[in-house]
Amino acid sequence: MDYAILDVETTGGKFNEEGIIEIAVYRFDGEKITDTFISLVNPEKEIHFYVQKLTGITNKMVRTAPKFYELAKRLVEITDETIIVAHNVAFDYRVIRTEFSRLGFNFQRPTLDTISLSRTLIPDMSSYSLGNLCTAVGIPLSDRHRAHGDARATVKLFQLLLAKDLQKNIIQSSIKQIRHQSLNKKILYLLEELPLETGVFYLQDENGKIIYIDQSTNIANKARQILTGKNKKSIELQIKTESITYELTGDEIIAKIKAQNEIKVNVPEFKPKRETNSSIYGLYFEFNQWVINPLNSKNKKYAWLSFSSAEKGISFINKTIEKLKGKEEDSDLINQHILDYFSLDEPNIILYGKGRALGENSFIYLENGVVKGYGFYNLHSQIKNLSRVKKIMTSALSSRDILMKIRNKLFITEGFKKILLAE
């Protein structure tokens, strides 16, 4: 699904008599910007003084700019088959439609408003202005009250809202129906634009309803396996699937958490196949000593870490003992050091790692050993306190299997960094 995320600056003045002085449009596919259009516009009328002071756009600056009719074709093209998204979309959409109506063209597009979406997904804010929201969730906002600056910030805000929308109401309310004459052509068409990256993907029927949710470190390959299989479930999904959407997570554990939670919320008709655990040995603390035993359904919940072989487990715990014991000789104290080291029971823990793109980190937030949410933040915008974390995170819970994977990634592969968060 494509979105045209835009902002316009106007001359000010009476209702429906405003003229556009600047417009910026970012075509956004849910993950990245695919096209951009930014231009000053000659409104063929004077700009009110207070608008000049607010935006910095003067009458002199727009005098030689293109008039709206010269930009209209480009605007139609970049918004074709998109949903228009804006902060207070009613204003921007009305102004654009008014300009088109002056040219005798009936410009119509579906719309979404990031103010109303934010009220639902980021509740209890004192103000839902773009500036206040961006400050609260750590979105950089430059060139305020210029169309390109405000539109770019709205892209970041909308991306956050998509991630926080567990029930996928945004996608389901805006999904376009795609019909094909041939089932094979349909499946090939649906698969060709999927990324070879980590994230969650959604199969939807002709009404936009989500019928299958899954996650993978390679979305394209996993979706291809699901939709080209010969078993009964695959064949049914081939027939019923009319659209595929996805959300990148960067981190495979966040993808698992996200998929598990969204399956519970959306209750899709088809469920993914249970993963087989490649780690078949667990690390246990029994009778005041560390032991490696085969994992099974009964003892799995007591394991601290898991390994693909007993030898790897023994090697790891021996190295950990050597690293943590220091000069300590008392075995009880050494074991307590190790238990404290493996513990995730502190009140507020952030585990952060690879994000969805360069310049971004992902994070998982835990309270007293329980996963409470996940999210993403720009590297220049440090997570400073619990209040900031809770504003930008997507609430979630996790299974014991995922907690095991979290500990494995933190302590064995060291793919996460751990920090204790201040209140």
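**Note on the predicted chain**

1. The accessible surface of the chain is about 21,200 Å², and carbon and sulfur atoms contribute 50% of that area. The model is predicted, and 52% of its 423 residues count as buried.

2. Along the principal axes, the C-alpha trace extends over about 85 × 55 × 30 Å. The chain's secondary structure consists of 16 helices and 16 strands. Among the contacts with a separation of 6 or more, 63% are between residues 24 or more positions apart.

3. Confidence averages a pLDDT of 90 over the chain, with 96% of the residues scoring at least 70. Strand S2 (residues 20-28) has the highest confidence, at 98, and helix H8 (residues 169-174) the lowest, at a mean of 74. In residues 176-182 the pLDDT is below 50, and this stretch makes 10 contacts in the model beyond near neighbours in sequence. Those contacts should be read with that score in mind.

4. One open sheet has 5 strands in the order S15-S14-S13-S12-S16, and the pairing is antiparallel. Strand S15 (394-395) and strand S16 (417-420) are at the edges; each has a single partner strand, so one side of each lacks a neighbour in the sheet.

5. At the S15 edge, strand S14 (residues 370-378) runs antiparallel to S15 and is joined to it by 2 bridges. Within this pairing, Gly-373 lies opposite Ser-395 of S15.

6. On charge, the chain carries 59 positive and 51 negative charges, and the mean positions of the two sets are 2 Å apart.

Conventions:
Residues are numbered from 1 along each chain as its sequence is written. This is a predicted model: local features need pLDDT of at least 70, side-chain atom pairs count only at pLDDT 80 or more; totals for chains, interfaces and linings use all residues. Side-chain values use heavy atoms; hydrogens and water are left out. Two strands pair if DSSP finds at least two bridges between them. Helices (H or I, at least four residues) and strands (E, at least two) are DSSP runs, numbered from the N terminus. pLDDT is the predictor's confidence in each residue, from 0 to 100. Contact means heavy atoms within 4.5 Å. Buried means under 20% relative accessible area, exposed over 50%, partly exposed in between (1.4 Å probe, protein chains only). Accessible areas come from the Shrake-Rupley method with a 1.4 Å probe; for residues, only the protein chains shown count as cover. Lys and Arg count as positive and Asp and Glu as negative; His and the chain ends are not counted. The place of a charge is taken as NZ of Lys, CZ of Arg, CG of Asp or CD of Glu.
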